[in-house]
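Ready for a little practice at reading a structure? Work through the exercises below with the model open beside you, then compare your steps with ours.

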Amino acid sequence: MDHSAHISMSGVTLTGIRKVYGPRTVLNRINMELAHGELLCLLGPSGCGKTTLLRILAGFETPDEGQVLLNGQDVTHLPPNKRRMGMVFQAYSLFPNMTALQNVRFGPRVRGLGDGKSQIAEAERLLAMVGLAAHVHKFPHQMSGGQQQRVALARALAVKPDILLLDEPLSALDAKVRTQLRSEIRRIQQETGVTTVFVTHDQEEALSISDRVAVMSEGHVLQMAPPAEIYRTPADAFVARFIGAGGVLAGRAEGPGVRVGAAYLAAHAAGGLASGTEVELFLRPEHVTLTARSEPQPAGAVPVTIDELTFFGSLTRVKLALADGGEGELWADLPSDSAGGLTLSMPAWASWSPEAPRVLAR
């Protein structure tokens, strides 16, 4: 899809958005900009403000301070029906007494978009696009949860929205349907080119479908970047812990490396920190190598014992405990074929390349 035609104008701009409920500041001066055709995931734990931000975009809430621009137009005080938004919620909220086709046609009919014939043709086209060509005359109670959520998506697209807003749309579905439907949502979003904001607390969901992820905590956006960047170079300890599995070791910057317990570890990322700074080392499980303790100690390795083994089919995740008074925990991902000989409490060396850890001041 060619984004270049749109880049001149941002799809959504939020400036200084602040929202307070009584003593709680739910959103604390949020600034963000979305390009046309971009899919942004708002990711964070419950209560971090992501749904409130979505409701402000939709027009269901008004910010106490700040501005919402859509395609360059100030819509901060416009009601939802004047905003050309498509919304999909966690609860499918379809009209139970209408067929899939009637549900999808409802928005265009109310808004007077086209005549009856073109509305029906468009509703059929959208239902085919979401994989429901064979179900257009079914009522919601005759469909599975995943099918109902597809109808809700087609219905949101039927009003030709400038922005598609999705609030935890998959969290009520079982894991397999959820995985399938999230890649469908991404495919349809790319086909239609509609600017989309997707709220989720599921990091895998966010990383797998978005152009960028905004990680939120307590009303702040801590980092907004493409998924690979969030995963590889988290901005702070919260983001590092929240995204993907990872080991966290407590240590102290010392020269170009880090002292963890009795071990001195090379870590390229520690170079910029003053010696003696308390730090945390974040390591992804794919970066950690295990060697039997009977072998000579590899350079920069720490002694560990095997704490837990979790089998994930082709992969086994190994939880490691530090052996010599070092603080923290580590994980290693190994091909299951080579993890067969590991047993609980077994001693080992854990090592990694100096480029691997992300070192952040505590």
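**Two exercises on α2**

In the lining of the largest pocket, α2 holds the largest share, with four residues. Keep in mind that the model is predicted.

**Exercise 1.** Describe the surroundings of the largest pocket, starting from its volume.

*Solution.*
Step 1: The volume of the largest pocket comes to about 460 Å³.
Step 2: Count the lining, which has 18 residues; nearest the centre of the pocket are F106, G107, R111, R155 and V159.
Step 3: Assign elements. Two or more lining residues come from each of β6 (85–88), α2 and α4 (145–158).
Step 4: Sort by class, and you should find 12 nonpolar, three polar and three charged residues in the lining.

**Exercise 2.** Work out how helix α2 and helix α3 are arranged, and which residues meet.

*Solution.*
Step 1: Locate α2 at residues 100–111 and α3 at residues 116–129.
Step 2: Take the axes of these two helices: they come within 9 Å and cross at roughly 125 degrees. This angle makes α2 oblique to α3, because it lies outside 65 to 115 degrees and is not over 145.
Step 3: Check the handedness; the crossing of α2 past α3 is right-handed.
Step 4: List the contacts. From α2 come A100, L101, V104, R105, P108 and R109, and they meet G116, Q119, I120, A123, E124, L126 and L127 of α3.
Step 5: Classify these contact residues: eight are nonpolar, two polar and three charged.

Key. Residues are numbered from 1 along each chain as its sequence is written. This is a predicted model: local features need pLDDT of at least 70, side-chain atom pairs count only at pLDDT 80 or more; totals for chains, interfaces and linings use all residues. Side-chain values use heavy atoms; hydrogens and water are left out. Axes are lines fitted to C-alpha atoms, for helices over the stretch in contact, and angles run from 0 to 180 degrees between N-to-C directions. Angles under 35 degrees count as roughly parallel, over 145 as roughly antiparallel, 65 to 115 as roughly perpendicular and the rest as oblique. A crossing is left-handed if the near helix is turned anticlockwise from the far one by less than a right angle, and right-handed if clockwise. Contact means heavy atoms within 4.5 Å. Ala, Val, Leu, Ile, Met, Phe, Trp, Tyr, Cys and Pro count as nonpolar, Asp, Glu, Lys and Arg as charged, and the others, Gly among them, as polar. On a 1 Å grid over the protein atoms alone, a cavity is a set of points where a 1.4 Å probe fits but cannot get out, and a pocket is an open set with protein on both sides within 12 Å along at least five of seven lines; lining residues have an atom within 4 Å of a point. Grid points are joined across faces, edges and corners, and a volume is the space filled by probe spheres set on the points.
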